[in-house]
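Reader: I have a fold in front of me and would like to talk through how its parts hold together. Could you take me through it, one question at a time?

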Amino acid sequence: MKKLYFTPVITGEKEAALRAEVRSFLDHYGAFNVSNIIDSWSICDPELSRALAEKGWLGMTWPTEYGGGSRSYLERYVVIEELLAAGAPVGAHWVADRQSGPLLLRFGSEEQRQYFLPKIVRGECFFAIGMSEPNSGSDLASIKTRAEKVDGGWLINGSKIWTSWAHVCHQMITLCRTAPPSDNRHAGMSQLIVDLSQKGITVRPIITLAGEAHFNEIFFDDVFVPDNRVVGQVNEGWSQVVAELAFERSGPERFLSSYQLLEAAIKELRETNLMQQAEPIIGKFVARLMVLRQMSLSVANQLQEGKLPINEASVVKDLGTSFEQELPEAMRLILATEPRSSANGGVARLLSDSILKAPSFSLRGGTREILRGIIARGLGLR
């Protein structure tokens, strides 16, 4: 059986100085809306994204020839970790910075890199993900949206679902069938960059349990995409998507979505003299958080070394979302405060928002069943 690798990583003085710089920036930027703090990486604030771009914190690891900072994955990790811990609404640039840009660097054409990457780095171009479909869910091999070859490009028909911020993003990398289905379920798919302002695109919002409308269903009706917007090789989209998901599944967003609740709960338990009896529960969650952080740092270090730790990233995502989903109920049982969505702030509001949002944590980015299938295959168990 193959092994998983999580080599311990210790950050140094350079990362410590950067962490202090991010905290100073956040101190001066001002408080964020309390209703946006839980799961802040799914909240869109283009103004904040542009402010982060001015600091050089978008495209940090990308080559300078494309406007990037040529900094390390560990430095990027520090910035992301501090922003999420502060509840910063980073959703506008999130997909472009985390996975669309790295995908273009790995598989895109030189023209695509020159055109899109500098725009992303400047906070001028936001990307959405076009993978999941109605009746397919996380089983991407069963997608039905098709792109047919026409003179000079491709004509897309079909639909996508759960596309976060598609109504404000400019582009979407869309997975389509470009060849008829065959015995090989993973063959015949391609990734195309779709301009979301194109004629023939309809975006319909989906209201979440928490009353938010940050993701959508998208319909394509004879949407034309030119040949120069195909990413990588035609019909090789599956291997590219698998590589892309390694960027998506291993970051601190997979266990920090509800961090503010844990921090606020500890503060309230101390103030109400309930900390002593709650210590075993708090201790378990803090210990799990520290282990997840070290595992995630290890994956970031492997990306820095040019590796593609697909299995390790899937493990971080699976364990991280379990942590995030179990936290709200555990805090509800030890706190004296009831969850209240009408509260202006504090533990009552954080608890309410966490409970309402937690069910989605194990669905986005691949369900547990999908992740464990990937891990089992990666270890040679199936």
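Reader: Happy to start inside: which residues have the most contacts in the largest nonpolar core?

Author: Keep in mind that this is a predicted model. Its largest nonpolar core has 51 residues. The ones with the most contacts inside that core are Leu 52, Trp 57, Leu 83, Val 90, Ile 282 and Met 331.

Reader: And which helix gives the largest share of this core?

Author: Several helices contribute: α1, α2, α3, α7, α8, α9 and α10 each supply at least two residues. The largest share is eight residues, and it comes from α8.

Reader: Which residues is Ile 282 in contact with, leaving aside its neighbours within four places in sequence?

Author: Ile 282 is among the residues with the most contacts inside the largest core, and Met 331 is another of them. With neighbours within four places in sequence set aside, the contacts of Ile 282 are Leu 262, Ile 266, Leu 269, Met 275, Met 331 and Ile 334.

Reader: How many residues are in the other core that lies apart from it?

Author: Among the members of this other core are Leu 104, Val 121, Met 189 and Val 231. Val 121 is also one of the buried residues of helix α5. The size of this core is 23 residues.

Reader: Let's turn to α5, then. Which elements do its buried residues pack against?

Author: Helix α5 covers residues 110–121 and reaches 16 Å from its first C-alpha to its last, close to the expected 16 Å. Its buried residues are Gln 112, Arg 113, Phe 116, Leu 117, Pro 118, Ile 120 and Val 121. They pack against α2, α4, β1, β4, β5 and β8.

Reader: Which strand holds the aromatic partner of Phe 116?

Author: Phe 116 pairs edge-to-face with Phe 127, at 5.6 Å centre to centre and 75 degrees between the planes. Both Phe 116 and Phe 127 are buried. The two are eleven residues apart, with Phe 116 in helix α5 and Phe 127 in strand β1.

Reader: Is Glu 111, the salt-bridge partner of Arg 229, buried or partly exposed?

Author: Arg 229 and Glu 111 form a salt bridge, with their closest N and O atoms 2.8 Å apart. Arg 229 lies in the loop between β7 and β8 and Glu 111 in helix α5, so the bridge ties together parts that are 118 residues apart in sequence. Arg 229 counts as buried because its relative accessibility is 12%. At 35% relative accessibility, Glu 111 counts as partly exposed.

Reader: What is the N to O distance between Arg 98 and Glu 253?

Author: Arg 98 sits in helix α4 and Glu 253 in the loop between α6 and α7, 155 residues apart. Arg 98 has a relative accessibility of 6%, so it counts as buried. Glu 253 has a relative accessibility of 2%, so it too counts as buried. Their side chains meet in a salt bridge with an N to O distance of 2.9 Å.

Reader: One last puzzle: why does Phe 215 count as buried?

Author: Phe 215 pairs edge-to-face with Trp 162, at 5.2 Å centre to centre and 65 degrees between the planes. Trp 162 is in strand β3 and Phe 215 in strand β7, so the pair ties together parts that are 53 residues apart in sequence. Trp 162 counts as partly exposed, at 45% relative accessibility. Buried means under 20% relative accessible area, and Phe 215 is buried because its value is 17%.

Terms used. Residues numbered from 1 in each chain as written. Predicted model: local features only at pLDDT ≥ 70, side-chain atom pairs only at ≥ 80, totals over all residues. Heavy atoms only, no water. Helix = DSSP H or I, 4+ residues; strand = E, 2+ residues; numbered from the N terminus. Expected span 1.5 Å × (residues − 1). Buried < 20%, exposed > 50% of the residue type's maximum accessible area, 1.4 Å probe, protein only. Contact = heavy atoms within 4.5 Å. Core = buried A, V, L, I, M, F, W, Y, C linked by side-chain atoms within 4.5 Å. Salt bridge = Lys/Arg side-chain N within 4 Å of Asp/Glu carboxyl O. Phe/Tyr/Trp six-rings, centres within 6.5 Å; stacked < 30°, edge-to-face > 60°.
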